[in-house]
Amino acid sequence: MNGPETESLDFVRQIVADDQSNGKNEGRVHTRFPPEPNGYLHIGHAKSICLNFGIAERFGGLCNLRFDDTNPEKEETEYVEAIQEDIRWLGFDWQDRLFFASDYFEQLYLWALELIRQGKAYVCDQTAEEVREYRGGWNQPGRESPFRDRTVEENLDLFQRMKAGEFADGEKTLRAKIDMNSANMNLRDPAMYRIRHVAHHRTGDAWCIYPTYDWAHGESDSIENITHSICTLEFENHRPLYDWYLEMLGAHHPQQIEFAKLVLSYTVTSKRKLLELVKGEYVDGWDDPRMPTLSGFRRRGVTPESIRNFCNAIGVTKFNSLTDLALLERSIREHLNQITPRVMGVLDPVKVVIENYPEGEFEMRDAINNPEDESAGTRQVPFGRELYIERSDFMEDAPRKFFRLTVGREVRLRYAYFLKCESVVKDEQGEIVELRCTYDPETAGGKAPDGRKVKGTIHWVSAAHAVDAEIRLYEHLFTQENPADVPEGMDWKELLNPDSLKVLTGCKLEPSLAEARPGDRFQFERNGYFCVDSKDSTADQPVFNRTVALKDTWSKVQKKQS
RNA sequence: UACCCGGUGGUGUAAUGGCAACACUUCUGAUUUUGGUUCAGACAUUCAAGGUUCGAGUCCUUGCCGGGUAACCA
């Protein structure tokens with residue numbers, strides 16, 4: 001008998017699978033996604049969300065949403081709401097398990113008192129500068145704080161007074177008493193609490209001492225009965241501290257597992273940089289379609305399925321890689337190809353007059369809505385004497401490989417007739433303003449009864465029926481493949497692509513698009529995938545965002561020739 | 001300089017001591033009323049050197065290269 005298809009698991013899922021089959025945590029699997037509400041979610045977070053929620057799903061477990069809100073200076077309710085919307089949009093559900101680290105401030109405080117009683121934590125009066133100095137360096141052991149040996153009673157008293165607000169910001173900290181000689185800097189008596197007289201977005205003025213990440217995170221995991229605490233590589237050196245706190249407390253001890261975060265080419269996912277792009281108005285906001293944020297992708301027309309599919313495809317490892325944006329684009333095209341209705345839209349119009357087509361007369365042509373999906377049916381598109389076609393679909397001195405329109409040559413108008421260009425009308429500047437053409441009435445539907453063939457098929461829109469629209473074309477946000485590699489002496493923002501947004505006005509769309517609603521997605525045949533902008537589009541002034549262009553073999557041929 | 005973690009085609013991953021596999025990109029060709037889609041084909045001596053083994057991408061040693069780490073950020 002043949003063995004079952006062996007499913008290949010990434011190393012995190014392998015650990016979880018082993019733990020489950022070994023009966024660890026009674027076979028229970030419980031993960032969490034722990035964003036800090038200090039910015040919007042981006043594509044890197046999507047990888048983590050898909051991992052955490054995906055593992056819960058795969059192993060019959062649960063995944064919590066927990067906001068890591070231990071630093072009131074940077075965190076805001078706006079972000080809390082946006083983050084939830086983005087996760088739901090991505091397609092994941094935390095059900096009733098919405099938590100906040102700030103929910104655990106009281107428990108954390110009680111645990112801190114316990115560590116003090118154990119002699120494992122002390123109140124330190126050193127300034128931030130002194131702490132840094134005493135910590136030592138990689139080749140230099142740390143020195144113990146002069147406050148390290150305070151008695152339990154004194155520590156208890158001082159810590160309670162810290163909480164009561166008797167001290168100013170930065171005047172005292174609570175520190176874990178571990179090892180000032182550790183090779184791991186995180187173990188050189190790390191801070192557990194700092195004093196900040198700042199209102200918290202949820203607890204208001206209830207607290208003026210706030211726990212640090214290391215102190216709050218593992219303990220929050222423990223409280224929520226998490227089994228596998230999955231985080232990114234930069235926390236690898238924190239794991240001994242994560243473990244230390246939990247061991248001292250004798251509390252439920254989740255396993256921290258670190259994986260490499262996503263780095264995508266031609267964009268940045270540093271929250272600091274994204275925030276700077278927004279605040280500095282280099283982009284239109286967190287949901288600017290050029291942003292790698294989930295809200296940016298959503299506004300651009302990307303589907304959540306594409307993003308999930310992408311996250312699935314890139315895998316999970318501990319290797320710091322640079323993922324090619326082409327992989328994400330491939331995912332986007334793949335899904336959009338399946339689901340989007342086809343329409344005709346001319347981005348850069350030039351007028352065609354069909355001299356032998358009667359003036360003032362129109363007819364309806366049948367067009368297929370989606371060749372990938374027969375159930376999408378057909379629609380009718382008006383055709384008449386005056387049309388718009390794409391300026392780039394005509395060339396005066398056409399090279400041999402140019403299959404489109406040129407004087408004296410025939411092309412097919414998609415779903416309509418063969419069209420032949422007779423002459424070109426130009427203005428004083430030599431700019432083409434009109435193409436005088438004739439059509440062959442025998443070729444209705446695009447086939448010639450005499451069997452003659454045309455090499456090219458181009459799209460068109462009836463001038464009398466066209467819907468005018470604004471179209472926004474997007475390119476990479478950065479000119480450099482890895483914008484994190486900033487050349488010496490250069491500001492990273494100089495790497496921003498000046499052509500990342502191109503606004504086209506006076507675009508001509510087929511009349512069915514008058515019905516399009518914000519968020520609706522289409523394939524403009526031969527151009528790309530577009531969606532109605534959710535912020536700026538109105539019935540009178542429709543605005544479309546290009547999600548991604550269609551693959552374009554012709555532009556490659558052209559590039560090779562020049 | 002210390003500690004931790006990595007290294008498989010151009011890119012991302014798989015191979016759990018037994019024929020280096022898949023996807024993307026690129027290139028060729030076929031099909032096509034979208035220069036889209038689809039289909040077929042091409043593209044690697046697994047960072048290096050030693051060792052263990054009948055057999056090593058995988059295990060061991062050393063070296064090389066890359067990343068992370070010295071916030072009262074997360």
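A polar contact is a pair of N or O atoms within 3.5 Å. The model described here is predicted, and this report treats the surroundings of its RNA strand, its cysteines and one of its sheets.

**Surroundings of RNA strand B**

Three polar contacts between the protein and RNA strand B are set out below.

| Residue | Protein atom | Atom of RNA strand B | Distance |
|---|---|---|---|
| Glutamine 126 | polar backbone atom | base nitrogen | 2.8 Å |
| Arginine 135 | polar side-chain atom | phosphate oxygen | 2.7 Å |
| Tryptophan 138 | N or O atom in the side chain | base nitrogen | 3.3 Å |

Glutamine 126 thus meets a base through its backbone, tryptophan 138 meets a base through its side chain, and arginine 135 addresses a phosphate. Of the RNA atoms within 4 Å of the protein, 63% belong to sugar or phosphate, and bases supply the rest.

Around RNA strand B there are 67 residues, of which Asn139, Arg404, Gly445, Arg526 and Lys560 come nearest. By class, the residues of this surface divide into 25 charged, 23 polar and 19 nonpolar. Several elements of secondary structure each supply at least two residues to the surface: the helices α5 (128-135), α12 (325-339) and α13 (553-561), together with strand β6 (191-195).

**Cysteines**

How many disulfides does the model contain? The count is zero, the criterion being a pair of cysteine sulfur atoms within 2.5 Å. For cysteine 231, the closest cysteine sulfur belongs to cysteine 63 and is 14 Å away, which is too far for a bond. Cysteine 231 is buried, its relative accessible area being 9%. Cysteine 437 is likewise in no disulfide; the nearest cysteine sulfur, that of cysteine 421, lies 4.3 Å away. The relative accessibility of cysteine 437 is 0%, so this residue counts as buried.

**A three-stranded sheet**

Strands of a sheet pair through backbone hydrogen bonds, in either a parallel or an antiparallel manner. In this model, an open sheet of three strands follows the order β1-β2-β3, and its pairing is parallel. Strands β1 (30-33) and β3 (98-100) stand at the edges; each has a single partner strand, so one side of each is left without a neighbour in the sheet. On average, neighbouring strands of this sheet are turned by 35° against each other, direction ignored.

Which residue of β3 is the bridge partner of phenylalanine 67? The partner is phenylalanine 100. Strand β2 (residues 62-67) and β3 run parallel and are joined by three bridges.

Notes: Residues numbered from 1 in each chain as written. Chains lettered and ligands numbered in written order. Predicted model: local features only at pLDDT ≥ 70, side-chain atom pairs only at ≥ 80, totals over all residues. Heavy atoms only, no water. Near = heavy atom within 4 Å. Polar contact = N/O pair within 3.5 Å; in protein donor to acceptor, adjacent residues only side chain to side chain. Helix = DSSP H or I, 4+ residues; strand = E, 2+ residues; numbered from the N terminus. Nonpolar A, V, L, I, M, F, W, Y, C, P; charged D, E, K, R; others polar. Buried < 20%, exposed > 50% of the residue type's maximum accessible area, 1.4 Å probe, protein only. Pairing = 2+ DSSP bridges. Axes fitted to C-alpha atoms, helices over the stretch in contact; angles between N-to-C directions.
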